[in-house]
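Open the model in your viewer and keep the selection box handy. The tour below goes stop by stop.

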Amino acid sequence: MSAPTLIIALRENARDFQAEGGNGMSVLTKQFKDALSQVEPGEDAAHAAEAHAEVRDVLHGHSDLVEWGLHSVLIGSYRREVSIRRVKDVDVFCELPSLPEDQDPQDLLDKFARLLADEYGDRVTKNDRSVKVDFPDFDMHVDVVPARAAGDEWEIPDRDGGWEKTHPVKFSELSTARNQAHDEKYVPVVKLLRQTRRALLGEAKPGGFFVEIAAYHSFASIPDGNSDDSPNSTAEYYTVALEKMAPILRDHADDVARLMNPAIPEQELHVRATRAELDAIADKWEQAAVDAREALESENDQDAARTFKRLLGQNSDGDDVFEVPVVVSAGHRSLPSGESPTFG
Amino acid sequence: MTKKLTLAGAAWRALQVAGAQSLPREIGGLLLGHYAEAGPHVTEIRVVPDPRATRIRYRRDAMTAERILDSSVRADDTGVLGYLGEWHTHPLPFGPSATDVLATRRLAIAGGHDIALLVLAKGARGWTGHALNADSAGNVEELTLTVEGIDNDE
């Protein structure tokens, strides 16, 4: 064939591809956009909204809680819009600013469990720090977390029978600010990073929240949207975030510098993972960062796409998150000869 | 492995409409699209009228075809649309004739690149597609025809 070969994602995006193809980087814009669609919660989002609204309505129907100034807010990865398919849980944070100071935290959890059991029966389970309400039709549960005021922050029951500081709403606000500073790239990249954790580590700990916190810290050292040095594609953002996160995860695994809760000064993040698991994620992340950089700087988009495909694995439906683009060559721009062929 | 000529569903429908409207005479034109790994991928077809076509003969006029190709390429916003080959109809249920093969081979040799030929033959149950490819050395091989969006085994 004499036609020039080029790679396109799909025909309709050939122009976009060509416009970006000259910078020597495999930005694979359409593939990353499609990858984000593949990890979107989909119908889980509607189920989560319905489940959490229902639980909040039940709680706000109880006079004791209302007297304690109940203000329930959605928190967690779903609130921060960084959840990926599937969403298995939704967190409802119940601020109780007028809760008596001597209220025992486990008694408080028992009270929430009883109130919710009146409505949901055996679908309710009391845990150490929250009360879980199952929504089997949605294959999802709502975690209800009661909290008392502690100055500008909040305290929730801890695993040892006491109280523990937290400020999930503030973390949501910090995440929103981070996202705005990075031209709305922070949230989608965190989703990709959470998906990468799932692809590389599966069900092993640490979970997606750990990765999100490391990503939050890593973005502090990525030039933001006001800088000329800011990454200018999702591919580059993703790669740089992997690179910036790798030493953070390594330091955490080696006890050199622990991951801190961005919303509570001086509070280390609670991570339920073994030493081996922390070493494993640090190892995987270092390799992923190297591989992603090589892919980003590759002149061969197909090779690059194959690497990103591996790093992003499959979604919960078993579909590949990242698609390798199809190689095509353009048709001919002129007829083969000036003759008028006759067919019979 | 036999190469494949893939047709977009809309292109296949357009071919059948053009063929039906021209009965009992032949009609033909250009196959436009790009080359995929499996072979030529036709996304659009163009009719090149032949007022003198009969039920056994169709002549694709070079000047008209060149003008149609130019305007198609100019209007294309994918960056990959171009000429892939020729098509024409047979109002009777016969595939490519010796004349068809010869004409296609001559085009491929003259152009120095592959030329696809698609013949739509009218049978009792509708139109059937027959595809072949000629390369620049004059070799001719059959192509498997696949239409997107329909069950090709039917």
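Helices (H or I, at least four residues) and strands (E, at least two) are DSSP runs, numbered from the N terminus. This is a predicted model, where local features need pLDDT of at least 70 and side-chain atom pairs count only at pLDDT 80 or more, while totals for chains, interfaces and linings use all residues. Residues are numbered from 1 along each chain as its sequence is written, chains are lettered from A and ligands numbered from 1 in the order in which they are written, and side-chain values use heavy atoms, with hydrogens and water left out.

**Stop 1: chain A as a whole**

Select chain A. Its C-alpha trace spans about 95 × 55 × 35 Å along the principal axes. Count 12 helices and 10 strands. Of its 344 residues, 52% are buried. Buried means under 20% relative accessible area, exposed over 50%, and partly exposed in between (1.4 Å probe, protein chains only). Contact means heavy atoms within 4.5 Å. Among contacts in chain A with a separation of 6 or more, 65% join residues 24 or more positions apart.

**Stop 2: the largest pocket**

Which residues are the closest to the centre of the largest pocket? Select Asp89(A), Asp91(A), Asp143(A), Phe209(A) and Arg272(A), out of 50 that line the pocket. The volume of the largest pocket is about 1,900 Å³. A pocket here is an open set of points on a 1 Å grid over the protein atoms alone, where a 1.4 Å probe fits, with protein on both sides within 12 Å along at least five of seven lines; lining residues have an atom within 4 Å of a point. Grid points are joined across faces, edges and corners, and the volume is the space filled by probe spheres set on the points.

Now colour the lining by residue class. It divides into 17 nonpolar, 15 polar and 18 charged residues. Ala, Val, Leu, Ile, Met, Phe, Trp, Tyr, Cys and Pro count as nonpolar, Asp, Glu, Lys and Arg as charged, and the others, Gly among them, as polar. Elements of chain A that each supply at least two lining residues include strand 3 (89-96), strand 6 (140-150) and helix 7 (168-181). Helix 9 of chain A gives the most, with four residues.

**Stop 3: helix 9 of chain A**

Select 208-219 in chain A. Of the 12 residues of helix 9, 10 are buried, so the rest of the structure largely encloses this helix. Among the buried ones are Phe210(A), Glu212(A), Tyr216(A) and Phe219(A). The buried residues of helix 9 pack against helix 7, helix 8, helix 10 (234-253) and helix 11 (275-296) of chain A.

**Stop 4: helix 3 of chain A**

Select 43-59. Helix 3 has 17 residues and reaches 25 Å from its first C-alpha to its last, close to the 24 Å expected at 1.5 Å a residue. The expected span is 1.5 Å times one less than the number of residues. Show the buried side: Asp44(A), His47(A), Ala48(A), Ala51(A), His52(A), Val55(A), Val58(A) and Leu59(A). Seen down the axis of helix 3, these buried residues fall within an arc of 120°, so they line one face. The arc is that of the directions from the helix axis to the C-beta atoms. Turn the helix over: the face away from the buried side carries the exposed Glu43(A), Ala46(A) and Asp57(A).

**Stop 5: Lys126(A)**

Lys126(A) sits in strand 4 (residues 124-126) of chain A. Its relative accessibility is 35%, so Lys126(A) counts as partly exposed. From Lys126(A) to Asp143(A) is 9.6 Å, C-alpha to C-alpha, across 17 residues of sequence. Leaving aside residues up to four places away in sequence, Lys126(A) touches Gln106(A), Leu109(A), Asp110(A) and Ala113(A).

**Stop 6: Arg275(A) and Asp255(A)**

Select Arg275(A), in helix 11 of chain A. Arg275(A) is partly exposed, at 43% relative accessible area. Not counting residues up to four places away in sequence, its contacts are His252(A), Ala253(A), Asp254(A) and Asp255(A). Step to Asp255(A), in the loop between helix 10 and helix 11 of chain A. Its phi is positive, about 65°, although Asp255(A) is not a glycine.

**Stop 7: backbone checks**

Most residues other than glycine have a negative phi, and most peptide bonds are trans. Go to Asp183(A), in the loop between helix 7 and helix 8 of chain A. Phi of Asp183(A) is near 50°. Next, the peptide bond from Arg85(A) to Arg86(A) is cis, with omega near -10°. Finish in chain B: the peptide bond from Leu23(B) to Pro24(B) is cis, with omega near 10°. Pro24(B) is in the loop between helix 1 (9-22) and strand 2 (28-36) of chain B.
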